[in-house]
Amino acid sequence: MSIPLQGGTVPRESEFLGEPSIAMDVLTEFDATDWERPERAELLLSAIVDSSDDAIVSKDLNGIITSWNLGAERLFGYEAREVIGRPVTILIPPERWSEETEILSQLRRGNRVDHFETIRRRKDGTLLDISLTVSPIKDSTGHVIGASKIARNITERKRTEAALIASETRFRQLADSMPQIVWTATPDGYVDYYNERWFEFTGFPRDSFGDERWVDLLHPQDLDAARDQWSESIHSGNPFNIEVRFWDRRASRWRWFISRALPGRDSAGRITKWFGSCTDIDDQKHAQEELRRANDDLEQFGYSASHDLQEPLRSIKIYSQLLSERYGSHLDGDALQFLGFLQQGATRMEMLVRDLLTYTQIPGSERPTQPTDAQSAFDLTLESLAGSIAETGAVVTSSALPMLPVHNVHLHQLFQNLIQNAIKYRSPDRVPAIAVEAVREREQWHFTVTDNGIGIHSMYKEKIFGLFKRLHSEHDYSGTGIGLAICQRIVSRYQCRIWVESEPGKGSVFHFTLPA
Ligand code: ADP
């Protein structure tokens, strides 16, 4: 678009609309020497002023409007001819007239008014949020003869600010209504907000933020771990998650909290804020500790009881055997039968004691230093079950099995118990077919042991994992009811799960997960 500058007419608004590069277009019409000519320069200035999005207005020292650009027409709705020669107060709501008196007195002193945010009125009476910059205009002798005023429409910005304040207020109300401590931090990790719970808990003044505040309250043993993890999260953007102790000033003791934080990101994926919480898990921690102690005691008791039982059991077995060997011929039918019951009881008791010992001896939760090859654990299980596999004709297959960070003995026990059961609880109508598979699911391996056996009614799906829980009599299927409890105990050592899906008469699928 070209602008007709000849003839001295100021371009009309319609010619400028939507042309941000208007000042450049003006320049291209000029020959370099044109700059020197005052009337050209004035015309150029006038075109630039009119192309501005801001309202540019000049007034004399009595507040009478002397010029009015197109930006002012757009902003206030008055055309230049309607306002030139009229007092600038037509733009000011009456309750703000005193502002103009103050602005004029500043101007007379030669001062400038910078980015003054206020409200002005349009021709149609609607109010506008604007930012004003008013500068004195001086003559060649330095006397102030008037003022230029640039008004920028900031209604949209004000609206955004108001929306932001409203959303911030909502966030704070929500955060304050929560039982947890809630906090936010800047992308570099500086804590810049805590909700009321924090100040109630710590007794700190409401305006204290920053690192030193939480660092002061942390248990010395948790400090390094918390700091390391926090700086790791800030660098990597990974979620922050740690259990720490804070000093509870009211109870004069340490309390356990779980502290978590997630990063908030902008559309480009950059972290703009961290949103964190600290949840009191002190009661839960103590209950866990109690439970762990009770479990340890029980384990100890189970271990000693089963261990100590072995000795008298052996005596019963040996002497009942001697009795039947040496004096069997002197005993009558009933006595021999009773002796048989005694021996069977002792054998069963021996099995129970052996399984109970295995159950109590499952090693702790420490991860092994070397990964275990699930394939070799599976092969080893097939070797140890070779007798029953041959006897029943069972077909046991597996997919490729992974290496994983669990104890070798644990994997072996899992395979052993599940495959043994799959053979034991086979259907009388078909040859047992058993398949072991492993599928990677994010941080875990998901194993399945599928059989085509007698199946399990859905109402027993959870019960069967309990200690001594059996669905059949010893007469139908021998067993102690400890095998699945052992499996359950092993997977829970790794915070993993075991469960079963089954259809009576068709078969069962035992699922368990282990860490990857
Ligand atoms: P046990 O086999 O010594 O009785 P377990 O703890 O291994 O003890 O199993 C508990 C019960 O779960 C078993 O008594 C049996 O009723 C049922 N069960 C286990 N595995 C299977 C299976 N593959 N198919 C059908 N029932 C099963």
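These exercises work through the ligand site and the strand pairing of a predicted model.

**Exercise 1. Describe the shell around the ligand: which residues come nearest, and which elements supply it?**

Step 1. Start with the residues. There are 21 around the ligand. N421, Y425, D451, R470 and L484 come nearest.

Step 2. Sort the shell by character. Nine of its residues are nonpolar, eight are polar and four are charged.

Step 3. Map the shell onto the fold. At least two residues each come from helix 15 (408-424), helix 16 (483-493) and strand 17 (507-515). Helix 15 gives the largest share, three residues.

**Exercise 2. Find polar contacts of the ligand with R470, L471 and H472, using a cut-off of 3.5 Å between N or O atoms.**

Step 1. Take R470. An N or O atom of its side chain is 2.6 Å from a ligand oxygen.

Step 2. Move to L471. Here a polar backbone atom is 3.4 Å from an oxygen of the ligand.

Step 3. Check H472. A polar atom in its side chain lies 3.4 Å from a ligand oxygen.

Step 4. Add the cover. On its own, the ligand has 530 Å² of accessible area, and the protein covers 98% of that.

**Exercise 3. Work out the order of the five-stranded open sheet and find its edges.**

Step 1. Write the order: 7-6-10-9-8, with antiparallel pairing.

Step 2. Read off the edges. Strand 7 (191-194) and strand 8 (240-248) each pair on one side only.

Step 3. Get the twist. On average, neighbouring strands are turned by 30° against each other, direction ignored.

Step 4. Look at one pair. Strand 6 (residues 181-185) joins strand 7 through three bridges, in the antiparallel sense. T184 has Y193 of strand 7 as its bridge partner.

Step 5. Place the helices. Helix 10 (residues 220-236) lies across strands 6, 8, 9 and 10, at about 145° to strand 8. Helix 11 (residues 282-327) lies across strands 8, 9 and 10, at about 120° to strand 9.

**Exercise 4. Trace the pairing of strand 5 with strand 1 and with strand 4.**

Step 1. Recall the principle. Strands of a sheet pair through backbone hydrogen bonds, either parallel or antiparallel.

Step 2. Pair strand 5 (residues 144-153) with strand 1 (residues 55-60). Six bridges link them, antiparallel. I56 stands opposite I150 in strand 5.

Step 3. Pair strand 5 with strand 4 (residues 127-138). Nine bridges link these two, again antiparallel. I137 stands opposite G146.

Step 4. Inspect the hairpin of strands 4 and 5. Five residues lie between the strands, and G142 takes a positive phi near 95°.

Methods: Residues are numbered from 1 along each chain as its sequence is written. This is a predicted model: local features need pLDDT of at least 70, side-chain atom pairs count only at pLDDT 80 or more; totals for chains, interfaces and linings use all residues. Side-chain values use heavy atoms; hydrogens and water are left out. A residue is near a molecule or strand if one of its heavy atoms lies within 4 Å of it. A polar contact is a pair of N or O atoms within 3.5 Å; within protein, one must be able to donate a hydrogen and the other to accept it, and residues adjacent in sequence count only if both atoms are side-chain atoms. Accessible areas come from the Shrake-Rupley method with a 1.4 Å probe; for residues, only the protein chains shown count as cover. Helices (H or I, at least four residues) and strands (E, at least two) are DSSP runs, numbered from the N terminus. Ala, Val, Leu, Ile, Met, Phe, Trp, Tyr, Cys and Pro count as nonpolar, Asp, Glu, Lys and Arg as charged, and the others, Gly among them, as polar. Two strands pair if DSSP finds at least two bridges between them. Axes are lines fitted to C-alpha atoms, for helices over the stretch in contact, and angles run from 0 to 180 degrees between N-to-C directions. Contact means heavy atoms within 4.5 Å.
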